[in-house]
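Welcome! Take a moment to look over the sequence and the 3D view, then follow the briefing below one topic at a time.

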Amino acid sequence: MHHHGRSGVERGAGESLIAEVAETRLIGLIAKEDLPAFETLYRMYFPRLTRFLGRMTRSASVIEEVINDTMLVVWQKAGSFDGRSKLSTWIFAIAYRKALKAMQAFDEPVESDFESYPDLNAPQPEGELEQRQLQVMLAGALAALPLEQRSVVCLAYYHGMDYQEIAAVMDCPVNTVKTRMFHARRRMKDMLGTRLEDRRGG
């Protein structure tokens with residue numbers, strides 16, 4: 001009889017392997033111009049890409065355009081996917097390149113500030129309020145990072161990618177990813193430290 005914790009971990013690893021196999025099968029069908037397979041893959045990736053791109057830009061129209069452009073490339077180039085990387089790495093790499101290009105074209109400022117986050121003074125139970133404040137502060141600190149550092153943090157923490165996969169998505173050496181992560185962590189720590197002191201009136 002399995003212990004719950006352990007079987008949960010095994011099940012998680014098993015599920016991600018099954019998902020990978022299913023995605024690889026889908027891309028094989030898409031290469032043969034199978035429209036239902038493409039629609040399935042689109043539905044699978046739409047929320048993931050929306051979440052990733054939403055950390056890069058706040059423009060809903062840019063996000064929508066980049067997702068559509070990315071999935072068009074997936075449809076057109078499905079036959080060129082060689083399985084050397086995970087399918088998710090390949091798709092995110094296309095989205096990252098498209099997003100950078102779209103943001104340059106729109107000349108959009110990629111930095112964001114703390115003030116754009118929701119009002120924290122609305123009445124909420126104390127525990128929830130603390131949790132919410134922390135989330136908002138984290139989001140604010142993340143949004144204030146330079147785009148490349150922010151992307152590394154998002155891919156690592158929100159999409160579960162390792163440094164090798166992030167390097168493939170961002171088309172840079174693994175050491176560059178490590179350096180960006182180091183600076184991002186240090187910067188976020190400094191920003192959060194300052195914010196926490198401000199809140200305590202320290």
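**A first look**

Asp171 sits in the loop that runs between α7 and α8 (174-200). Keep in mind as you explore that this is a predicted model. The protein is built from 8 helices and 0 strands, so its pattern along the sequence reads α-α-α-α-α-α-α-α, by the definition of helices and strands used here. Of its 202 residues, 38% count as buried.

**Asp171 and Glu33, two residues with positive phi**

- Asp171 comes right after α7, and its phi is positive, near 55 degrees.
- This residue is not a glycine, yet its phi has that positive value of about 55 degrees.
- Is Asp171 buried or exposed? Asp171 counts as exposed because its relative accessibility is 67%, and the cut-off for exposed is over 50%.
- Glu33 is not a glycine either, and its phi is positive at about 60 degrees.
- You can find Glu33 in the loop between α1 and α2.
- With a relative accessible area of 63%, Glu33 is exposed.

**Helix α7 and its start**

- Helix α7 covers residues 163-170, and its buried residues are Glu165, Ile166, Ala167, Val169 and Met170.
- Which residue caps the N-terminal end of α7? Asp162 does this, with a side-chain oxygen 3.1 Å from the backbone nitrogen of Gln164.
- The loop between α6 (147-157) and α7 is home to His159.
- His159 is buried because its relative accessible area is 17%, and buried means under 20%.
- Once neighbours within four places in sequence are set aside, the contacts of His159 are Arg48, Arg51, Phe52, Phe92 and Cys154.

**Helix α6, an enclosed helix**

- Why is α6 described as largely enclosed by the rest of the structure? The reason is that 9 of its 11 residues are buried.
- Those buried residues of α6 are Leu147, Gln149, Arg150, Ser151, Val152, Val153, Cys154, Leu155 and Ala156.
- Cys154 is thus on the buried list of α6, and Cys154 is also one of the contacts of His159.

**The second largest pocket**

- How much space lies in the second largest pocket? It holds about 220 Å³.
- Among the 15 residues that line this pocket, Ser16, Glu20, Arg48, Lys86 and Ser88 are the closest to its centre.
- Three helices, α1 (4-31), α2 (35-56) and α4 (87-106), each give at least two residues to the lining of the second largest pocket.
- Sorted by class, the lining of this pocket has 5 nonpolar, 5 polar and 5 charged residues.
- Arg48 turns up twice in this briefing: Arg48 is among the residues closest to the centre of the second largest pocket, and Arg48 is in contact with His159.

**Exposed residues and distances along the chain**

- Lys32 is found in the loop between α1 and α2.
- Lys32 counts as exposed because its relative accessibility is 68%.
- Although Lys32 and Trp75 are 43 residues apart along the chain, their C-alpha atoms are separated by 9.6 Å.
- Ala60 belongs to helix α3 (residues 60-77).
- At 58% relative accessibility, Ala60 counts as exposed too.
- Ala60 and Thr50 are 10 residues apart in sequence, and from C-alpha to C-alpha they are 9.2 Å apart in space.
- For the whole protein, take the contacts between residues at least 6 apart in sequence: 66% of these join residues at least 24 apart.

**How confident is the prediction?**

- The average pLDDT of the protein is 82, and 78% of the residues score at least 70.
- Where is confidence lowest, and where is it highest? Confidence is lowest in α1, with a mean of 72, and highest in α7, at 96.
- Residues 1-11 have a pLDDT under 50 throughout, and the model gives them 2 contacts beyond four places in sequence.
- For residues 110-124 the pLDDT is also below 50, and this stretch has 33 contacts in the model beyond near neighbours in sequence.

Key:
Residues are numbered from 1 along each chain as its sequence is written. This is a predicted model: local features need pLDDT of at least 70, side-chain atom pairs count only at pLDDT 80 or more; totals for chains, interfaces and linings use all residues. Side-chain values use heavy atoms; hydrogens and water are left out. On a 1 Å grid over the protein atoms alone, a cavity is a set of points where a 1.4 Å probe fits but cannot get out, and a pocket is an open set with protein on both sides within 12 Å along at least five of seven lines; lining residues have an atom within 4 Å of a point. Grid points are joined across faces, edges and corners, and a volume is the space filled by probe spheres set on the points. Helices (H or I, at least four residues) and strands (E, at least two) are DSSP runs, numbered from the N terminus. Ala, Val, Leu, Ile, Met, Phe, Trp, Tyr, Cys and Pro count as nonpolar, Asp, Glu, Lys and Arg as charged, and the others, Gly among them, as polar. Buried means under 20% relative accessible area, exposed over 50%, partly exposed in between (1.4 Å probe, protein chains only). A polar contact is a pair of N or O atoms within 3.5 Å; within protein, one must be able to donate a hydrogen and the other to accept it, and residues adjacent in sequence count only if both atoms are side-chain atoms. pLDDT is the predictor's confidence in each residue, from 0 to 100. Contact means heavy atoms within 4.5 Å.
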